[in-house]
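Q: I have a structure in front of me and would like to learn how to read its features. Could you take me through them slowly, with the general idea before each case?

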Amino acid sequence: MSARGEGEDAVGEQAEEVGPAADTGADTGDGAGSGGEVGDTGDAEPVADLPPDEPWRRLSPLMLVAAPVTYMKNFIVPLALIAFGATQNPWVLGSLFAALVGMVATGVYTWLTFRYQVGADRLEIRKGWIGRSRRTIPLERIRGVHVTTSLVHRVLGLAVVKVEAAAGGGGDEEGKLDAVSAAEAGRLRDDLLHRRAVLRGARAAGEAAGAADGTDEERSAAGDAVGAPEGSGAGVAAAGPEHEYFSMPTRWYSYGMLSVGYLLTPFVALAALFGLLSQGLGDVLEQMGALEAGERALVLYQWAFAEGGVLVLVGLAAGVLLVLVLLMPLFAVVAYAVGHWRFRLVGGDESLVTERGLFTRQSVTLERRRIRGYELADSPLERTRSVVRLRAIMTGLGDASTRAVLLPAGPRDQVGRIVDETLGGYRGGLQRHPRAALRRRFVRALALPLLGAVAAALVGWYWAAAPLLLLALLGIPLAVDRYRSLGHGRDERRISVRSGSLARKQAVVQREAVVGWLWRQSLFQRGAGLAHLTAAVGAGAGGYTAVDAEFAESVSFAAGVTPAMVRPFLESPEEEPQEEESSEGKPRGGKPQTPETPEPPES
């Protein structure tokens, strides 16, 4: 089976890009700059509905206990060795003692120097004595307020609050309060989101009033801000009551058995156990001395190979492997339940909130106006039960894309119902790709294994030819499934593309989120009349590709989605009068008027 991806070819390929902003980088979605060290909120007049500035506050004193206990997990192995007397190495003991003292001292220093204040229109965080840091986050630019509670925090009644702000950077641009009381964390989240809604509503109302005597363009911009689509959060003075869209039923935990990653949990646990035992065994052998260790190794070798010990070891290994295989479903369900325990999806006018986790409870806020679509993903095992996973396509998440999870694995019909309630479902179908795409799937899946099997057979390596031939046979159903997964389509408001087999994904994106188009063709694709068409989106993965679509049809598809963007590349000024006088009535922006296979549009 070929290891190459769907979007690659063995020969050079050409790419043509269409769109005024085909850059696939993440859009901040706020029209604001960095929310970093000091955010500039301008000289705007204060809003009457906002509460006054709150006093400066410290973190909870219990963080002095939570921080060392949390970091203690990094020293589980040396602590276990010391507890069982496996090591008395003074360097290990001294290093461990120094690390523990350092953790306590760092916690005390943080608690003494860390301050935060919620102002009328900004959040300020100050910390440090020698290297002082002051961070100001304008509340209007807050994207989300996430609350996380680990097992240690829950025992102590604490929580970690992370404030995500509109910025061009990564995690350095976020405010983090580690840790405050659980009640304070909930109050902070509600207060910050309420202040943000009031500030944005006041700004939208001010723009509408200011545009009353302005130009038509200014009136249109203000009208867009005030009359934004439902759920966008623009012009809303305060967030409405939260509605619970989903609470995870018990039977959904069984779908963990359909995930390969969770099924491999017992083997991961076994590898971790072997690592711990090997480290402890090394310390024990070091205490025994080289001579005694060598003598014991010699005795073990003689027992294994001279007294039939090999059969015992092989039987023991086979028994352990069998037990692990039988325990795979149980381990998968347990691991899945730990990560998704009591999963909830709630939302209001401005945001969606997900909550999940048994030992570490996470609450993630997703701003509706930053959601550009959604993605449905499944695997071959999940398709046997018609199970899919749902995640949002959002701007500004970057590497933190795991925060965009909206639903765990669940029945497709129920997931579709929740999508309709929260984001609006996709009503169009998916167009099947031409048969030439099926031939390319067969070539990719069979060419390399068959060539390898033939070469191995010619040199007499039949032991290598047999598994390669078996791999080629397994590639036949894989190629068919990969072809059946291909598709793209559109409805009045969204476009959708789907591809993949072992990890199939169907992306649904709003039409207005498309900022450009990219066509890619290799030499083989040009001969078959195929092309990869990528819709560039400033959200999620940055672009979503219709793999091996018919080239002429893909041009018409893009022109139907964004006619104003694609039409200039399909028509020239000299051809416009001829088109107007044409008796065939071809619509402007249609397929290129040429009998041959059209060339990619020139950017």
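The dialogue below goes from the whole chain to single residues, ring pairs and strands.

Q: What should I keep in mind about the model, and how many helices and strands does the protein have?

A: Please keep in mind that this is a predicted model. The secondary structure of the protein comes to 18 helices and 20 strands.

Q: How much of the protein is buried, and how much of its accessible surface belongs to carbon and sulfur atoms?

A: Of the 603 residues, 41% count as buried. The accessible surface comes to about 31,600 Å², and carbon and sulfur atoms account for 61% of that area. On the side of contacts, if one takes those between residues at least 6 apart in sequence, 64% join residues that are at least 24 apart.

Q: How do I read a single residue such as E124: is it buried or exposed?

A: The cut-off for buried is a relative accessible area under 20%, and E124, at 9%, is therefore buried. E124 is found in strand β3, which covers residues 122-127. Its side chain is joined to that of R134 by a polar contact of 3.2 Å. Leaving aside residues up to four places away in sequence, E124 touches W56, R115, Y116, Q117, R134, R135 and T136.

Q: And which class does V334 fall into?

A: Because its relative accessibility of 46% lies between the limits of 20% and 50%, V334 counts as partly exposed. V334 has its place in helix α10, residues 309-340. Its C-alpha atom is separated by 8.9 Å from that of Y262, although the two residues are 72 apart along the chain.

Q: What describes a pair of aromatic rings?

A: Such a pair is described by the distance of the ring centres and by the angle of the planes. In this structure the count comes to eight aromatic pairs. One of them is formed by F246 and W252, with 4.7 Å centre to centre and 45° between the planes, and this pair is tilted. Both F246 and W252 are buried, and ring pairs link F246, W252, Y255 and F343 into a cluster.

Q: Which residue lies over the face of W111?

A: That residue is R58, at 4.8 Å from the centre of the ring of W111.

Q: How do side chains lie along a regular strand, and where are those of β10?

A: In a regular strand the side chains alternate between the two faces of the sheet. Strand β10 spans residues 351-356, and six of its six residues are buried. On one side are S351, V353 and E355, on the other L352, T354 and R356, and both faces of β10 are covered.

Q: Which strands does β10 pair with, and in what sense?

A: Strand β9, residues 344-347, pairs with β10 in the antiparallel sense over four bridges, and within this pairing V346 stands opposite V353. A hairpin through three residues joins β9 to β10. Strand β11, residues 361-367, also runs antiparallel to β10, and six bridges join these two strands; here the bridge partner of T354 is V364.

Q: Which residue takes a positive phi in the hairpin of β10 and β11?

A: In that hairpin, which has four residues between the strands, G357 takes a positive phi near 115°.

Key:
Residues numbered from 1 in each chain as written. Predicted model: local features only at pLDDT ≥ 70, side-chain atom pairs only at ≥ 80, totals over all residues. Heavy atoms only, no water. Buried < 20%, exposed > 50% of the residue type's maximum accessible area, 1.4 Å probe, protein only. Contact = heavy atoms within 4.5 Å. Areas by Shrake-Rupley, 256 points an atom, 1.4 Å probe, with all protein chains shown as cover. Polar contact = N/O pair within 3.5 Å; in protein donor to acceptor, adjacent residues only side chain to side chain. Phe/Tyr/Trp six-rings, centres within 6.5 Å; stacked < 30°, edge-to-face > 60°. Lys NZ or Arg CZ within 6 Å of the ring centre and 35° of its normal. Pairing = 2+ DSSP bridges.
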